[in-house]
Amino acid sequence: MNSGYDLQLVNLTKKYGDTLAVDQINYHFSAGTYVCLLGPSGCGKSSTLRMIAGHESVTEGAIVLAGADVSYLPPAKRGTAMMFQNYALFPHLSVRDNVAFSLRMKGEDKTARDAKANELLELVDMTGFADRLPAQLSGGQQQRVALARALVTQPKVLLLDEPLSALDPFLRIRMRAELKKLQRELGIIFLHVTHGQDEALALGDELVVMNNAVIEQAGSARDVWTAPKTEFVARFMGGHNVILLEGRKVALRADDVLLGDQGLAATVTTVEYQGSHVALTTRIETGDEVLAHVPEAVFFQSPKNPGDVVNLAWDEGRLHRLQS
């Protein structure tokens, strides 16, 4: 597989009539990284992915892959491959023929394309299913076939549009591990669109959080999670409280909120047992809600119920000031 290629978006813009879907975004995707593009519905993430793939036209700006502007090339000439949410397998073709389809379109002879398809099926652990039809496969198996089909053209970048959304929770977690392993083996950029924060944190070396057609924050998964820059990112990534303290807006992680003998008085509104911790939602005097993730063992030493008054405390160094 090709590796060592980077991808750059330069003032990339997409308009649908008067609607601005993507607003002059700039980003450099380093070679060999797994990047998760995330944000709420309508934020511009799928339009961005589809422009990179060539399935949407670019209104303004450029898409530069391995140093070449590919903005106006047809999808097959770009060096990208896309794996769709619904897998889009041909029901009448065998697994092997599905994987080899793009090579057939390029005019490769049957022996060569079958050999490449078999190689990719081995990579995704589907060799024993080569002669089956898609309808004879489970959802997870169909996904592996779709992956093999996307990779058979040896792309420089693999684009994944919410590839795990159709799978059940257990299979989703297993496929996350397989995607990450595959990306490391191939060494190419995987650009994965998702609206799931857990998925993004589990997979992404880098996270690009979009909101209202722009990139709100980008960086390593850990940086985005531990140091959200804006109220939107803090709330969207979850696990953070956004509170106004002494006239400044701050983010505070729920697992940094402690129950103490002294501190900020708050009334417990809901108690949820979540296994390793108990999620305690409280309301402080200003009316703001503050969520505390209390370790399970600590909580049950002195259980709380809705209506109880507690004292919330935290290390001042754990408060994170927001830009907006």
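**Exercise 1.** In this predicted model, decide how helix 2 and helix 3 are oriented: roughly parallel, roughly antiparallel, roughly perpendicular or oblique to each other.

*Solution.* Helix 2 and helix 3 are oblique to each other. Step 1: take helix 2 as residues 95–105 and helix 3 as residues 110–123; their axes cross at roughly 125° and come within 8 Å. Step 2: compare the angle with the cut-offs, where 65 to 115 degrees counts as roughly perpendicular and over 145 as roughly antiparallel. The crossing at roughly 125° therefore falls under oblique. Step 3: add the hand, which is right-handed for helix 2 and helix 3. Step 4: list the contact residues, among them Val99 and Leu103 of helix 2 and Ala117 and Leu121 of helix 3. By class, this contact has seven nonpolar, one polar and seven charged residues.

**Exercise 2.** Find how the axes of helix 4 and helix 5 are placed, and which residues make the contact.

*Solution.* Step 1: the axes of helix 4 (residues 139–151) and helix 5 (residues 169–186) come within 11 Å and cross at roughly 20°. Step 2: angles under 35 degrees count as roughly parallel, so helix 4 and helix 5 are roughly parallel to each other. Step 3: their crossing is right-handed. Step 4: helix 4 contributes Gly140, Gln143, Arg144, Leu147 and Leu151, while the residues from helix 5 include Met175 and Leu182. The classes are seven nonpolar, two polar and three charged.

**Exercise 3.** State which strands stand at the edges of the open sheet of three strands.

*Solution.* Step 1: the strand order is 11-12-18, with antiparallel pairing. Step 2: strand 11 (240–245) and strand 18 (320–321) each have a single partner strand, so they stand at the edges. Step 3: six bridges join strand 11 to strand 12.

Note on methods: Residues numbered from 1 in each chain as written. Predicted model: local features only at pLDDT ≥ 70, side-chain atom pairs only at ≥ 80, totals over all residues. Heavy atoms only, no water. Pairing = 2+ DSSP bridges. Helix = DSSP H or I, 4+ residues; strand = E, 2+ residues; numbered from the N terminus. Axes fitted to C-alpha atoms, helices over the stretch in contact; angles between N-to-C directions. Left-handed = near helix turned anticlockwise from the far one by under 90°. Contact = heavy atoms within 4.5 Å. Nonpolar A, V, L, I, M, F, W, Y, C, P; charged D, E, K, R; others polar.
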